[in-house]
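Good morning, colleagues. Today I should like to speak about aromatic rings and their neighbours; please take a moment to look at the sequence and the structure.

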Amino acid sequence: MGSGTSKPIKNTNGSNRLSFRTTSFPSITTTTTKQSIVPPRPKNGERETFTAAIDQGTTSSRFLIFDKSGTPRASHQVEFEQLYPHSGWIEHDPYEILKSVNECIEKATKEFFDNGYEAGDIKALGITNQRETTVVWDTKTGKPLYNAIVWPDTRTARLVHELRRKEGSERLRQLCGLPLSTYPSSVKLVWMLRHVPAVQSALKNDRLSFGTVDTWLLYNLTGGVKHGLHVTDPTNASRTMFCNINTLEYDDFLIDWFGVRGVKLPKIVPSSDPDAYGSISDGILAGTKIAGCLGDQSAALVGQCAFIPGMAKNTYGTGCFLLYNTGYEPVMSENGLLTTVAYAFKGFKPVYALEGSIAVAGSAVKFLRDNLGLIKESGEIGELAVKVPDTGGVVFVTAFSGLFAPYWIDDAQGTIFGITQYTTKEHIARATIEATCYQTKAILIAMEKDSGTALHALAVDGGMSNSDVCMQLQADIMGINVDRPKMRETTALGAAIAAGFAVNVWKEFDGLKDINRDDHKTFSPTTDEGTREKWFNLWSKAVERSRGWVDNDATEEDLE
């Protein structure tokens, strides 16, 4: 984990050489899965201590129960339907999300009980979630007013182009840490207010409740319309563009600028808190305390125990996200990165991070599987890619949702360059993997510029990191070692840690220093600097040529 104390500290010397570490995210799966990992508890009368986590991701939900060493004892996962009403639109049914979470809780907990444990052995559970995905519901009935608009959805491209010309837009990034793009929740909510009559009516009648997925789950798990809590944590609130990045409270200028005055926003409470999140209201774990909440990428940072400024994590999930701990002060990037909240535990100062966000990573593999039929299972992509020594000149810019950090090109779309009669599906598979690796390299270059620190190793985790081929390509493209832990469920582990801290399962960050430290695998680069530079220059050329596919002079109706 690095030398020195593992308690969060402020980096007071800008010249310090900082060390990076990284982590991860849900694996790429296509079916309901169940994992039983360790034998039942000993029958000596001593009761073990457990924490649990709801991990609600972009394509699946899961529930995991961890022992105090961070080992999963029970797990269940359910993949749910992705809705694509129009090109560039991505939606989820809010009830389907809730249903999948409840199913995972029930089945994983039954497995836990079958191994001799009881509900009371779980001291608390945490929630981690896809972040910018936006849900609205009727305050009086508790019913959703529209499908959830998912974080990579691009229907707001024209709206973003319009808002960038609005007076005061230059103030947004300094206030909330995020650039104006299709990514945050704010523009999704504004789109609904413009286009969905039920949302307009609810606002007019003072019945419009808003939240990200964590808020929707917490509201329903704690009682829904009867007595459900309407809360969120700073890591999620900081992704809405309504929250001031310095005060971690809603900002009046931002609320009025986006025109959402009157919308019922969730109360912002600490990421780890014994009382703020209430308890499960019914079901197999009724009465179990909810004590932690973190957006998925912050949860991965916590799960990787990256508590020291200069430590980082990289997550390969549906998208790909690298977070770098900057300590107690928000740092505004000059190189296309986001400023976000790493975590904010009750009793500790909030900790901030720089983030590089890639919209498409594992979802590109899913695209090859579901849309093009090039593979039957996601895991086959590595097998295809390794059959060819290179991409044969093919470059795939996977800009299905535009390009996020460090480019922020909203008018880009997915483009494949260099196809010839020589091109095979193996070349396209390899180019798909390389697209994520090149974007990761671009983020690391930006992060090194902002931090003044060269990265010497990258710790990784998440779905695509399960592939040795993917990780070897990442090492070859970056020219540094890639370090992968054996247990890669660090997103869920981070949420469980947040909950455990709240109820004193752990009291100090030093108590986490041995979690998930065993059996790492290192991938070392096999390329020379000249080759890497040549490859990256070709990628950069392709990125420039992917611009302009979305007509920003079109009307919103044209984009629909």
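One aromatic cluster brings together Phe307, Tyr343, Phe345, Phe348, Phe501 and Phe509. Please bear in mind that this is a predicted model.

Let us take one pair from that cluster. Phe348 and Phe501 have ring centres 6.3 Å apart and planes at 80°. Angles over 60 degrees count as edge-to-face, so this pair is edge-to-face. The pair links distant parts of the chain, 153 residues apart. Phe348 is in the loop between strand E15 (338–343) and strand E16 (351–358), while Phe501 belongs to helix H14 (residues 490–502). Are these two residues buried or exposed? Phe501 is buried, at 7% relative accessibility, whereas Phe348, at 24%, counts as partly exposed.

I turn now to the wider count, which comes to 31 aromatic pairs. Among them is the pair of Tyr146 and Trp191, which is tilted, with 5.9 Å from centre to centre and 50° between the planes. Tyr146 lies in the loop between strand E7 (134–138) and strand E8 (148–149), and Trp191 in helix H4 (residues 185–195), so this pair ties together parts that are 45 residues apart in sequence. Trp191 itself is buried, with a relative accessible area of 3%.

Finally, I come to charged side chains and rings. Which residue lies over the face of Trp257? That residue is Lys166, at 4.6 Å from the ring centre. Likewise, Arg131 lies over the face of Phe321, at 5.4 Å from the ring centre.

Thank you for your attention.

Technical notes. Residues numbered from 1 in each chain as written. Predicted model: local features only at pLDDT ≥ 70, side-chain atom pairs only at ≥ 80, totals over all residues. Heavy atoms only, no water. Phe/Tyr/Trp six-rings, centres within 6.5 Å; stacked < 30°, edge-to-face > 60°. Helix = DSSP H or I, 4+ residues; strand = E, 2+ residues; numbered from the N terminus. Buried < 20%, exposed > 50% of the residue type's maximum accessible area, 1.4 Å probe, protein only. Lys NZ or Arg CZ within 6 Å of the ring centre and 35° of its normal.
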